[in-house]
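Please look over the model below with the briefing beside it. The notes are grouped by topic for reading at the bench.

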Amino acid sequence: MTDTDTWEPAPGTQPTVGELQLQERSSLRRVAGLSTELDDVTEVEYRQLRLEQVVLVGVWTEGSAAQADSSLAELAALAETAGSVVLDGVVQRRDRPDPATYIGSGKAHELREVVLATGADTVICDGELTPAQLNALEKVVKVKVIDRTALILDIFAQHATSREGKAQVSLAQMEYMLPRLRGWGEALSRQAGGRAGSNGGVGLRGPGETKIETDRRRIRERMAKLRREIKGMKQARDTKRGARRRSGVPAVAIAGYTNAGKSSLLNALTDAGVLVQNALFATLDPTTRHGTLTDGRDVVFTDTVGFVRHLPTQLVEAFRSTLEEVVDADLLVHVVDGSDPMPQRQIDAVRHVLREVAGEREAALPRELLVINKTDAADPMVLAQLRVALPEAVFVSAHTREGIDELMQRMTDLITAGDVEVSALVPYERGDLVARIHAEGTILATDHEADGTRITARVPAALAGMLQQFGADAPAVVE
């Protein structure tokens, strides 16, 4: 879908939730004929006027030139997702970023010339700048300067839809903003006091608090309120997760790099109809859907927020309750974009964040199943290299559904790997147990006897323990 396309549902069909969300995101259209200017402009010209014109700046401190170019290309994709037009991009080779202006004073003046030549109104730096670096570089280039963290936070703010997601993004933005507040001169000062006649004299003496100090205090108060709200939402999320675990239904978390195709894979596995968009961080709010494995047992799939290299610490902290869905799952389906030129960097970035979250909870990560997605759009040479480097991975295309059946079988094998085989005589009045065996296990044999139903099945260890009281044979772990 292009920028000027309008979304329409297929004839005779009802739009899914994801399609409605995509329509809402694409709903900002210009109505022709309402301009008060003498010369009207076209839709394309209007969008060019509305979108920010940006220049990208990166500092290459380690790795190869291809990795540096890939990092800047990812920054360009982030900038376009945020709603801007990339005019130019420059990379400087340094041992480390300049502590004063990030790229050095000489390069900063060269960047000013690039800004003037392209007509850009914003500079985006591929890294997290200190408040001093941000201020110093902005004074040289004389246009707005933001860093990678602020850009990602802006995208999250645009895409958050649920109450919890909006609260998490707001908290992350405030944590980022707090040390970067700047005063704008004495005109906004709230300081007063001292001897009569100074600062206006009687009636104008105040608490001695400047405008910037007032802003900081209000931000801290708002952050404390948001933390309380998120804590309450976390308790509700933990309660729902606990209820799912008590029901014995296996939980599968779908995690991976941003725009790797996690939501598309969820749709292919469950026909969930969630939002699918070719944009970074299209999914921020976790989506849980019911599914069925190849052996007939129920399973719960959860689509989680995507990761990115150098994911801001503020976001990891704010979205910790959401990321815990991954840590508490029975199986982690790690989705990788096979069409990316450097997929191994995606894998390392995702695993780094997951280890960080698991380390905070002192919990072990669930079993991981690597899924290489987008095989229909990937370079055959890259896929061949991945098949050698990752022999345990499953290669699929959520778009064409190629490999989905193999993926379902692999998930079934991993989830049932710890099942035990039992033979129990379940009384007829315990129909609830029979229903659980059918939902959570695999029936091998059934025989109706006078005292109850004799069932031989493979079931999870917890359910096998409950069946022992009904004369179950000694369970043996199924290899």
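The points that follow cover a set of paired strands, two helices, two loop residues and a cavity.

The model is predicted, and every value here was computed from it. Strand β13, which covers residues 453-459, pairs with both β11 and β12, and the briefing begins there before turning to helices α3 and α7.

**Strands around β13**

- Five of the seven residues of strand β13 (residues 453-459) are buried, so this strand is largely enclosed by the rest of the structure.
- Strand β11 (residues 420-426) runs antiparallel to β13 and is joined to it by seven bridges; among the bridge partners, V426 is matched with T453 of β13, and V422 is matched with A457 of β13.
- β11 is itself mostly covered, since six of its seven residues are buried.
- Strand β12 (residues 442-448) is also antiparallel to β13, with six bridges joining the two, and one of its residues, T442, has R458 of β13 as its bridge partner.
- The connection from β12 to β13 is a hairpin, made through four residues.

**Helix α3**

- Helix α3 takes in residues 65-82, which is 18 residues, and its first and last C-alpha atoms are 26 Å apart, close to the 26 Å expected at 1.5 Å a residue.
- Its buried residues are A68, S71, L72, E74, L75, A76, L78, A79, T81 and A82, so that the list includes E74, for which buried means under 20% relative accessible area.
- The elements that cover these buried residues include the strands β1 (52-60), β2 (84-93) and β3 (122-125), together with helix α6 (148-159).
- Directly after α3 comes G83, which has a positive phi, near 105 degrees.

**Helix α7**

- Helix α7 (residues 163-177) has 15 residues, which should span 21 Å at 1.5 Å a residue, and the distance of 21 Å between its end C-alpha atoms agrees with that.
- The buried residues of α7 are E164, G165, A167, Q168, V169, L171, A172, M174 and Y176.

**Loop residues with positive phi**

- Most residues other than glycine have a negative phi, and the two residues in the next points depart from that pattern.
- K142 is not a glycine, yet its phi is positive, near 60 degrees; this residue lies in the loop between α5 (131-141) and β4 (144-147).
- K142 is exposed, because its relative accessible area is 58% and the cut-off for exposed is over 50%.
- N259, likewise not a glycine, has a positive phi of about 65 degrees, and its place is in the loop between β5 (251-256) and α9 (262-270).
- N259 is partly exposed, because its relative accessible area of 22% lies between the cut-offs for buried and exposed.

**Cavities**

- Rolling a probe the size of a water molecule over the atoms shows where empty space is left.
- The structure holds two cavities of 30 Å³ or more, and the second largest cavity has a volume of about 50 Å³.
- Which residues line the second largest cavity? They are F156, V305, G306, F307, L311, L315, V316, F319 and L323.
- By class, that lining has eight nonpolar residues and one polar residue, with no charged residues; the polar one is G306, because glycine is counted as polar in this grouping.

Terms used. Residues are numbered from 1 along each chain as its sequence is written. This is a predicted model: local features need pLDDT of at least 70, side-chain atom pairs count only at pLDDT 80 or more; totals for chains, interfaces and linings use all residues. Side-chain values use heavy atoms; hydrogens and water are left out. On a 1 Å grid over the protein atoms alone, a cavity is a set of points where a 1.4 Å probe fits but cannot get out, and a pocket is an open set with protein on both sides within 12 Å along at least five of seven lines; lining residues have an atom within 4 Å of a point. Grid points are joined across faces, edges and corners, and a volume is the space filled by probe spheres set on the points. The expected span of a helix is 1.5 Å times one less than its number of residues. Buried means under 20% relative accessible area, exposed over 50%, partly exposed in between (1.4 Å probe, protein chains only). Contact means heavy atoms within 4.5 Å. Two strands pair if DSSP finds at least two bridges between them.
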